[in-house]
Amino acid sequence: MTASLLDRFLAQDERALARAISSVEGGREEGRTLLAAVRQRLGRARIVGITGAPGSGKSTLTDKLIELERARDARVAVIAVDPTSPYSGGAILGDRIRMMRWYADDRVFIRSMATRGHLGGVAATTLQVLNLLDAYGFDVVFVETVGVGQSEVEIVQVADTTVLVLTPNQGDGVQVFKAGIMEIADLFVINKFDLPGGPRLKREIEALLELDGAKSWRPPILEVTASKGEGIVELVEQLDAHRSHLVTSGALTEQRRERIRFELRAALGEQLLQRFITQEDRFVEAVLAGRISPEEAVRELLKEL
Ligand SMILES: Nc1nc2c(ncn2[C@@H]2O[C@H](COP(=O)(O)OP(=O)(O)O)[C@@H](O)[C@H]2O)c(=O)[nH]1
Ligand SMILES: [Mg+2]
């Protein structure tokens, strides 16, 4: 890494931030070195995960959240992780148009994540990008993810607060509940409350939460019509309330530990894989020839290391 990238990053040069993110996404040394150098600056940003099915209104909602955060002079970053659209055609273009009005605001930073991830996986890469944004000086970072697969659930786990966006017209709400995503929601947003079926969905979620029994934080269920900006003030209030809860209960510190655990495991996986890849061919031949099983091969490699 050139010293100047770090200097420019610390001087809050947005181009340096963009370059740092690209380096991290590409798994390049420059990104790694920068991340290590800014480690002391972590822990200021509020990280808010926004997850839900495609089309549930996450981007519309995020746009309104940016508006309110800017109104109280917060510096806002958004990262959109959408593995369901690898070629990121229509959806991202739509987001771009919607978010266009923020481009002139140098206190708003919006970025789509490359969803390939490097060896450490998408969630690990996302966490590194989150760390960059935190170190850079954003007050709040919204992470928009599609709530479908395992890696997205992991991403949600690296957020301080997770908002699950549901809609009345989603058809089978139970689908979402099955994915085990209900448990990780700190706040429920029933978006598109202007459509029929909102109150019913609310009762269903309430019934499910009843089963959960007494918890120190009871996830609120918010009625939102993001497209009209309705219910957003209440959402921000609840986001703040959850933040306070995290701080006073000590959960925030515990989450930090969990996040570091996650980073350690990701780094372990990545470094082991990197070493392994150089030896891979040798082991492929041995397994092919039936001399050794894949498990034995790995054991042997670990011994060599
Ligand atoms: N009726 C209604 N439509 C909405 C609402 N919020 C968003 N939409 C629409 O739902 C569609 C998908 O929204 P988008 O924010 O791109 O969803 P995402 O895929 O979850 O990011 C767009 O056409 C939005 O205009 C809402 O509160 N009510
Ligand atoms: Mg979106």
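1. A backbone N or O atom of Gly57 lies 3.0 Å from an oxygen atom of ligand 1, in a model that is predicted. Polar side-chain atoms of two lysines also face ligand oxygens: that of Lys58 lies 2.7 Å from one, and that of Lys192 lies 3.1 Å from one. A polar contact here is a pair of N or O atoms within 3.5 Å. The protein covers 71% of the 580 Å² of accessible area that ligand 1 has on its own (Shrake-Rupley method, 1.4 Å probe).

2. There are 17 residues around ligand 1, with Gly55, Lys58, Ser59, Thr60 and Asp194 coming nearest; a residue counts if one of its heavy atoms lies within 4 Å. Helix H4 (residues 58–71) gives the largest share of this shell, three residues; helices are DSSP runs (H or I) of at least four residues, and strands (E) of at least two.

3. Strand S4 (residues 140–146) is largely enclosed by the rest of the structure, because seven of its seven residues are buried (under 20% relative accessible area, 1.4 Å probe, protein chains only). Val140, Phe142, Glu144 and Val146 point one way from S4, and Val141, Val143 and Thr145 the other way.

4. S4 pairs in the parallel sense with S1 (residues 46–52) over seven bridges and with S2 (residues 76–81) over six; pairing requires at least two DSSP bridges. Phe142 is the bridge partner of Val48 and also of Val78.

5. Residues are numbered from 1 along each chain as its sequence is written, and chains are lettered from A and ligands numbered from 1 in the order written. Local features need pLDDT of at least 70, side-chain atom pairs count only at pLDDT 80 or more, totals for chains, interfaces and linings use all residues, and side-chain values use heavy atoms, without hydrogens and water.

Terms used. Polar contact = N/O pair within 3.5 Å; in protein donor to acceptor, adjacent residues only side chain to side chain. Buried < 20%, exposed > 50% of the residue type's maximum accessible area, 1.4 Å probe, protein only.
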